[in-house]
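Thank you all for coming; I would like to walk through one structure with you, element by element. Please have the sequence and the coordinates open while I talk.

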Amino acid sequence: MEKAMSRTPNMYVAGESDGRVLPTKGPNSGGQPSGEGLEGRRPTRENTGPTAATRTPSRAPASRGLVGVREAARQDKKVRFTALLHHVTVNQLRTSYYELKKQAAPGVDGVTWQQYGTRLEEHLVDLHARVHRGAYRAQPSKRAYIPKEDGRQRPLGIASLEDKIVQQALVTVLNCIYEEDFKGFSYGFRPARSAHDALDALAVGLTQKKVNWVLDADIRGFFDNVDHGWMLKFLQHRIADRRVLRLIRKWLRAGVSEEGTWSETKVGTPQGAVISPLLANIYLHYVLDLWAHRGREKQATGDVILVRYADDFVMGFQHRAEAERFLEALRERLRKFGLELHPEKTRLIEFGRFAARDRKQREEGKPETFSFLGFTHICGTTRTTGQFTVRRQTIAKRLRAKLREVKEQLRRRWHEPVARTGAWLRSVVQGYFNYHAVPMNYGGLATFRYQAARLWHRALKRRSQRTRMTWARFATLVARWLPRPRILHPYPSVRFAVTHPR
């Protein structure tokens with residue numbers, strides 16, 4: 001593979017002018033991307049856990065062929081794979097079928113998971129044959145909308161069931177290559193990586209590195225603005241199998257069906273498609289990750305950290321001048337590839353161990369906060385030693401939005417038995433705790449439980465005008481059905497130390 005770099009006077013604009021891969025450090029001996037992207041340190045031997053188990057026990061171990069693909073990708077960062085589609089076997093399609101969500105909404109074909117499974121083997125053999133002889137045709141995505149926090153609608157694309165199966169199988173194959181390429185600071189939609197891993201990495205970086213300024217960045221409409229031409233160029237750095245590239249091109253250009261009307265898609269990748277998260281990571285790997293990593297290693301004079309989860313990322317800088325230069329260069333970099341930063345959601349703020357002291361001296365009030373993956377990040381100090389720490393609290397908007405959902409569901413369940421509603425509400429509250437129960441967020445957990453209980457009490461009182469459901473009597477139901485708030489996650493430094501042992 002050829003290498004090309006553009007030389008520009010800007011500090012961070014030292015990237016591949018034609019989208020080519022830059023030379024980067026190889027992965028660790030374990031074969032998984034390490035956390036060196038955050039810490040700026042040598043790779044560690046163990047930095048990711050085992051791949052999450054699938055929903056079905058029928059999943060077989062990775063084939064020898066896929067193990068060979070991973071080994072080849074690990075050993076040679078420039079190798080292009082000319083034969084990949086033969087790894088999409090009937091067995092792989094079957095595994096992919098069982099990995100799909102059983103209750104997911106059907107696409108334009110109207111076929112559900114259960115219906116397809118009635119003659120599964122027959123369907124899979126036919127699908128496999130069509131894929132390999134080139135007769136497979138991608139179907140348009142079915143347009144659906146979900147409400148956003150600001151009242152707008154987020155468009156989703158629901159793929160047909162066979163598209164999901166083939167996409168899932170191909171994702172399994174491509175992950176063997178790109179999991180050896182992706183940087184350690186990329187966390188979104190990757191095997192054995194979660195949002196909490198990204199939150200831990202960010203907290204550790206902010207507290208253990210010399211960070212005084214934080215860039216909270218958001219790419220406007222990323223999934224709707226992915227350039228198909230650049231996407232295919234990036235894929236060709238590693239993939240030379242024309243049949244695989246043709247499949248991906250079909251999915252990108254399949255279009256969207258909304259209320260029976262088909263519309264062409266010249267840019268973007270539909271949110272909701274199985275392959276979209278991987279394509280998004282590949283796109284940003286070349287557009288952002290390699291470019292930012294090279295700028296940090298070669299040109300930064302102070303500490304720089306980066307944590308990215310899909311199209312949402314946060315960067316920390318030691319020096320304000322470097323942060324401002326990077327922000328300006330970043331705008332130019334994204335514009336080249338058809339993207340732009342959201343002007344209202346992208347901010348450079350003073351944040352770190354000296355922010356409170358410096359702002360107090362300048363009489364500017366408390367340090368600003370920023371939001372990332374559902375939590376508001378706040379400058380704070382520990383109770384015992386008074387050392388700087390990062391407090392994370394549930395974003396108030398999201399807490400209120402979740403309570404509105406609970407209220408609407410309770411209205412629909414007015415006439416259901418109390419025990420059934422209690423069991424449902426318990427699962428909701430426990431699910432909320434499972435994500436938000438991080439250290440120093442106990443108040444947010446208690447607030448959510450109390451407000452959910454209050455909404456349930458109000459719903460029970462409205463079931464009848466003669467109700468005797470006093471708050472004291474209702475307290476026994478709350479104690480029985482609603483779990484008490486407690487912290488479920490360890491401190492970031494503890495879990496990060498286990499995941500990334502020095």
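Let me begin with a cut-off, since much of what follows leans on it: a residue is called buried when its relative accessible area is under 20%, exposed when that area is over 50%, and partly exposed in between. Please also keep in mind that this is a predicted model. With that cut-off in hand, C176, at 8% relative accessibility, counts as buried, and C379 is buried as well, with a relative accessible area of 18%. As for cysteine pairing, a disulfide is a covalent bond between the sulfur atoms of two cysteines, and a search through the whole structure returns zero of them.

C176 brings me to the helices, because it is one of the residues of α6 that take part in the contact with α2. Helix α2, residues 64-75, and helix α6, residues 161-178, pack at an angle of about 30°, and their axes lie 7 Å apart. Angles under 35 degrees count as roughly parallel, and α2 and α6 are therefore roughly parallel to each other. Which residues make this contact? From α2 there are L66, V69, R70 and A73, and from α6 they meet T172, V173, N175, C176 and I177. Sorted by class, the contact of α2 with α6 consists of six nonpolar, two polar and one charged residues.

Within that contact I would single out T172, which sits in helix α6 and is buried, its relative accessible area being 17%. If we leave out residues up to four places away in sequence, T172 touches L66 and Q92. T172 and L66 are 106 residues apart in sequence, yet their C-alpha atoms are 8.9 Å apart in space. The other partner, Q92, belongs to helix α3, residues 90-99, where Q92, L93, T95, S96, Y97 and E99 are buried. And what do the buried residues of α3 pack against? They pack against α2, α4 (113-117), α5 (120-133) and α6.

Let me turn to the strands. Strand β1, residues 141-147, pairs with strand β2, residues 153-158, in the antiparallel sense over six bridges, whereas its pairing with strand β4, residues 256-258, is parallel and rests on two bridges. A convenient residue for following both pairings is K142, which has I158 as its bridge partner in β2 and stands opposite S257 in β4.

There is also an open sheet of four strands, in the order β6-β7-β3-β8, with antiparallel pairing. The edges are taken by β6 (304-309) and β8 (347-350), each of which has a single partner strand, so one side of each is left without a neighbour in the sheet. Direction ignored, neighbouring strands of this sheet are turned by 15° against each other on average. The join between strand β3, residues 213-218, and β8 is antiparallel and made by four bridges, and in it L215 stands opposite L348 of β8.

Two helices should be viewed together with this sheet. Helix α7, residues 195-208, lies across β3, β6 and β7 (312-317), and runs at about 165° to β6. Helix α10, residues 276-298, packs on the sheet too, touching β6 and β7, with its direction at about 175° to that of β6.

In α7, I would ask you to look at H196. Is H196 buried or exposed? At 10% relative accessibility, H196 counts as buried, and, apart from its neighbours within four places in sequence, H196 is in contact with N434, Y435, V438, H489 and R495.

I will end with two backbone details, which those of you who set up torsion checks may care to look at. A310 is not a glycine, and yet it has a positive phi of about 60°; A310 lies in the loop between β6 and β7, and, at 8% relative accessibility, A310 counts as buried. M440, likewise a residue other than glycine, has a positive phi near 75°. M440 is placed in the loop between α14 (418-436) and α15 (442-461), and, with a relative accessible area of 36%, M440 is partly exposed.

Key. Residues are numbered from 1 along each chain as its sequence is written. This is a predicted model: local features need pLDDT of at least 70, side-chain atom pairs count only at pLDDT 80 or more; totals for chains, interfaces and linings use all residues. Side-chain values use heavy atoms; hydrogens and water are left out. Axes are lines fitted to C-alpha atoms, for helices over the stretch in contact, and angles run from 0 to 180 degrees between N-to-C directions. Angles under 35 degrees count as roughly parallel, over 145 as roughly antiparallel, 65 to 115 as roughly perpendicular and the rest as oblique. Contact means heavy atoms within 4.5 Å. Ala, Val, Leu, Ile, Met, Phe, Trp, Tyr, Cys and Pro count as nonpolar, Asp, Glu, Lys and Arg as charged, and the others, Gly among them, as polar. Two strands pair if DSSP finds at least two bridges between them. A disulfide is a pair of cysteine sulfur atoms within 2.5 Å. Buried means under 20% relative accessible area, exposed over 50%, partly exposed in between (1.4 Å probe, protein chains only).
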